[in-house]
Amino acid sequence: MTSTQATRTVLVTGATGFIGSHTCVDLLAAGHRVIGVDNFLNSSPRVLDRIGRIADRELDFVRLDVRDRAALDELFRRQPIDAVVHFAARKAVGESVEMPLAYYDSNVGATLGLLHVMGEHGVRDLVFSSSCAIHGTVDKVPIAEDAPVRPTNPYSRTKWICEQILADLCVADPRWHITSLRYFNPVGAHPSGLLGEDPRGVPNNVMPYIAQVAVGRRAELSVFGDDYPTPDGTGVRDYIHVVDLAHGHRLALGHLRDVAGHRVINLGTGQGTSVLELLAAFSAACGRELPRRIMARRAGDVAALVADPTLAREALGWTARHDVAQMCRDAWEFQRLNPTGYDDEGA
Ligand SMILES: NC(=O)c1ccc[n+]([C@@H]2O[C@H](COP(=O)([O-])OP(=O)(O)OC[C@H]3O[C@@H](n4cnc5c(N)ncnc54)[C@H](O)[C@@H]3O)[C@@H](O)[C@H]2O)c1
């Protein structure tokens, strides 16, 4: 068996969230034992049953707050854990400006606590959720891992601070193996329609907003700015299917020991899609023209963010398999079957 095939017991924090739930499915399907934890701050307990239905295997689950070091310690004491994938965090940029302490507490404080507990129990293999948002305004695309980092809000600063903590830790103690994956724009849903993105309140991101327009929960999409220096004037992003992203985590786990220390890897497709192109693709997926209104640019938005995914291909053997049309079809299927998200009996 190669290192990428070995079966391990993996602790997944934020297991019932959007990306965590898809990653649990992927890891279970590959034969790993998965222990999920979440406090349901931004997710539903209904996700647990759905993960089990898709993977046809149970996820071991413990409800806990990752800021609770004693609870984590107890978990590591009771369970043999080989590696950790750390998703649990707060992720809304606007909210992070309004409540920075909650963001530093949940995203940085919890990560510190987790690292302490892992170290005490001799578990030093970690995959960490980072974000392309740490780059802020970029001078050029595509964005490689060594592009300048200029976080522009508390949320992205928490991710950058965590990356630096992880790098320092690996320098101090070479027994650690850590990969920070910088995601571009995760969208889509599991093709079964059972798992998807179900944001609380008004969606911060364009794709779930479009999906809610399509299902009749919102009147129209507000397109913030059509005068950017992009082909149609609207913002360009690198959308990545959440199933591809989940697969990237499994590969990152398998390749953790390939190199010493901390490494950073982009997960993106390398393809840019404008807001109007995304809206057209979603309209095609749901079979009707979706209404939109052009608005002024939104403060803090940038023209284009597109990944250079070369390192992911070389280091992990990972490339994105799903295109934007598939992302829209799967997101629409989830929204159609679950019009008000996991609150529905739905799928
Ligand atoms: N979705 C994106 O656009 C995106 C982009 C880049 C990076 N990320 C990062 O990826 C990770 C997962 O994002 P997601 O989109 O799945 O978000 P999500 O909100 O759907 O999932 C996060 C999960 O963590 C849980 N959680 C939050 N705080 C917790 C705590 N203190 N204790 C236990 N559980 C807690 C939430 O209940 C939720 O289930 C996050 O770290 C996020 O910052 C997301």
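**Note on a predicted chain: helix α7 and its surroundings**

1. Start inside helix α7. Its buried residues are V206, M207, P208, I210, A211, Q212, V213 and A214. Buried means that 20 or more other C-beta atoms lie within 10 Å of the residue's own; 12 or fewer makes a residue exposed, and anything in between partly exposed, with C-beta atoms placed from the backbone. The helix is mostly covered, with 8 of its 9 residues buried. Helices (H or I, at least four residues) and strands (E, at least two) are DSSP runs, numbered from the N terminus.

2. A word on the source. Residues are numbered from 1 along each chain as its sequence is written. The model is predicted: local features need pLDDT of at least 70, side-chain atom pairs count only at pLDDT 80 or more, and totals for chains, interfaces and linings use all residues.

3. What do the buried residues of α7 pack against? They pack against β7 (185–187), β8, α9 (275–286) and α11. Contact here means that the C-beta atoms of two residues, placed from the backbone, lie within 7 Å.

4. Take the α11 partner. The axes of α7 (residues 206–214) and α11 (residues 324–337) come within 10 Å and cross at roughly 50°. Axes are lines fitted to C-alpha atoms, for helices over the stretch in contact, and angles run from 0 to 180 degrees between N-to-C directions. The two helices are therefore oblique to each other. Under 35 degrees counts as roughly parallel, over 145 as roughly antiparallel, 65 to 115 as roughly perpendicular, and the rest as oblique. The crossing of α7 and α11 is right-handed: the near helix is turned clockwise from the far one by less than a right angle, whereas anticlockwise would be left-handed.

5. Now the residues. From α7 come M207, A211 and A214; they meet A331, W332 and Q335 of α11. By class, this contact has 5 nonpolar residues, 1 polar and no charged. Ala, Val, Leu, Ile, Met, Phe, Trp, Tyr, Cys and Pro count as nonpolar, Asp, Glu, Lys and Arg as charged, and the others, Gly among them, as polar.

6. Past the helix end, G216 takes a positive phi of about 90° just after α7. R217 sits in the loop between α7 and β8 (221–224). R217 counts as partly exposed because it has 14 C-beta neighbours inside 10 Å. R217 and P174 are 43 residues apart along the chain, and their C-alpha atoms are separated by 51 Å.

7. A second helix pair: α1 (residues 18–29) packs on α8 (residues 242–254) at an angle of about 60°, with the axes 8 Å apart. That makes α1 oblique to α8. Their crossing is right-handed. The α1 side includes F18, I19 and H22, and the α8 side includes V242, V243 and L245. This contact has 8 nonpolar, 4 polar and 2 charged residues.

8. Buried or exposed: which is E289? E289 is exposed, because it has 10 other C-beta atoms within 10 Å. It lies in the loop between α9 and β13 (292–295).

9. Last, the whole chain. It has 11 helices and 14 strands. Buried residues make up 47% of the 347 residues. The C-alpha trace spans about 55 × 45 × 40 Å along its principal axes. Among contacts between residues at least 6 apart in sequence, 81% join residues at least 24 apart.
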